[in-house]
Amino acid sequence: MKLIKAIIHPYRLSDVREALTEIGINGLTVSEVKGYGRQKGHLEIYRGAEYEIHFIPKVMLELVILDEQLEETVATITSSAKTGKVGDGKIFVSPVDNAVRIRTGESGDAAI
């Protein structure tokens with residue numbers, strides 16, 4: 001099993017979710033996050049005063065998948081989240097040793 005963490009633009013979330021559903025990925029967790037990288041932030045004007053915003057709002061998707069779903073899942077997230085501009089995001093992949101479904105007690109691949 002693998003844990004995928006993908007940080008993307010908030011407005012791309014529905015496209016990514018729909019694309020993941022089409023390939024059979026039905027569960028994910030979404031968190032609102034802020035961060036900065038090459039995008040470096042931007043200026044905003046509020047009541048006539050300029051403010052430099054260093055942390056850009058993003059969303060982080062977390063999903064656990066089977067090993068054999070990895071390539072297709074990463075490709076799907078990449079293609080549906082990509083705009084071609086700086087700040088499109090990142091995808092991180094980590095191994096998962098075990099998973100347990102609390103309701104039934106199932107563990108391993110069956111818990112996904």
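Two rings of Phe, Tyr or Trp count as an aromatic pair here if their centres lie within 6.5 Å. In this predicted model, that rule turns up one aromatic pair. Beyond that pair, the things to look at are an open sheet of four strands, two helices that pack on it, and a nonpolar core of 13 residues.

**The aromatic pair**

- The partners are Tyr36 and Phe55, with 5.5 Å from centre to centre.
- Their planes sit 75° apart, and since anything over 60 degrees goes down as edge-to-face, that's the label this pair gets.
- Tyr36 is in the loop between β2 (29-35) and β3 (42-46), while Phe55 is in the loop between β4 (49-53) and β5, so the pair ties together parts 19 residues apart in sequence.
- Tyr36 is exposed, at 62% relative accessible area; Phe55 comes out as partly exposed, at 45%.

**The sheet**

- Reading across, the strand order is β2-β5-β1-β6, and the pairing is antiparallel.
- β2 and β6 (90-95) are the edge strands: each has a single partner, so one side of each has no neighbour in the sheet.
- From one strand to the next, the twist averages 25°.
- Zooming in on β2 and β5, you'll find seven bridges joining these antiparallel strands.
- Val33 stands opposite Lys58 of β5.

**Helices on the sheet**

- α1 packs on the sheet and touches β1, β2 and β5. Its direction makes about 10° with that of β5.
- α2 also packs on the sheet, but its contacts are with β1, β5 and β6. For α2, the angle is about 5°, taken against the direction of β1.

**The nonpolar core**

- In soluble globular proteins, nonpolar side chains tend to be buried together.
- Here, the largest nonpolar core has 13 residues, and the ones with the most contacts inside it are Ile4, Ile8, Val16, Leu61, Leu63, Ile65 and Ile77.
- Four elements each supply at least two core residues: β1 (2-8), α1 (13-22), β5 (56-65) and α2 (70-81).
- β5 gives the largest share of this core, with four residues.
- Val16 is a handy place to start looking around: leaving aside neighbours within four places in sequence, Val16 is in contact with Ile8, Leu61, Ile77, Ser80 and Ala81.
- Ile8, Leu61 and Ile77 are among those contacts of Val16, and they also appear in the list of core residues with the most contacts.

Conventions. Residues are numbered from 1 along each chain as its sequence is written. This is a predicted model: local features need pLDDT of at least 70, side-chain atom pairs count only at pLDDT 80 or more; totals for chains, interfaces and linings use all residues. Side-chain values use heavy atoms; hydrogens and water are left out. A nonpolar core is a set of buried Ala, Val, Leu, Ile, Met, Phe, Trp, Tyr and Cys residues joined through side-chain atoms within 4.5 Å. Buried means under 20% relative accessible area, exposed over 50%, partly exposed in between (1.4 Å probe, protein chains only). Contact means heavy atoms within 4.5 Å. Rings of Phe, Tyr and Trp (its six-membered ring) pair if their centres lie within 6.5 Å; planes under 30 degrees apart count as stacked, over 60 as edge-to-face and the rest as tilted. Two strands pair if DSSP finds at least two bridges between them. Axes are lines fitted to C-alpha atoms, for helices over the stretch in contact, and angles run from 0 to 180 degrees between N-to-C directions.
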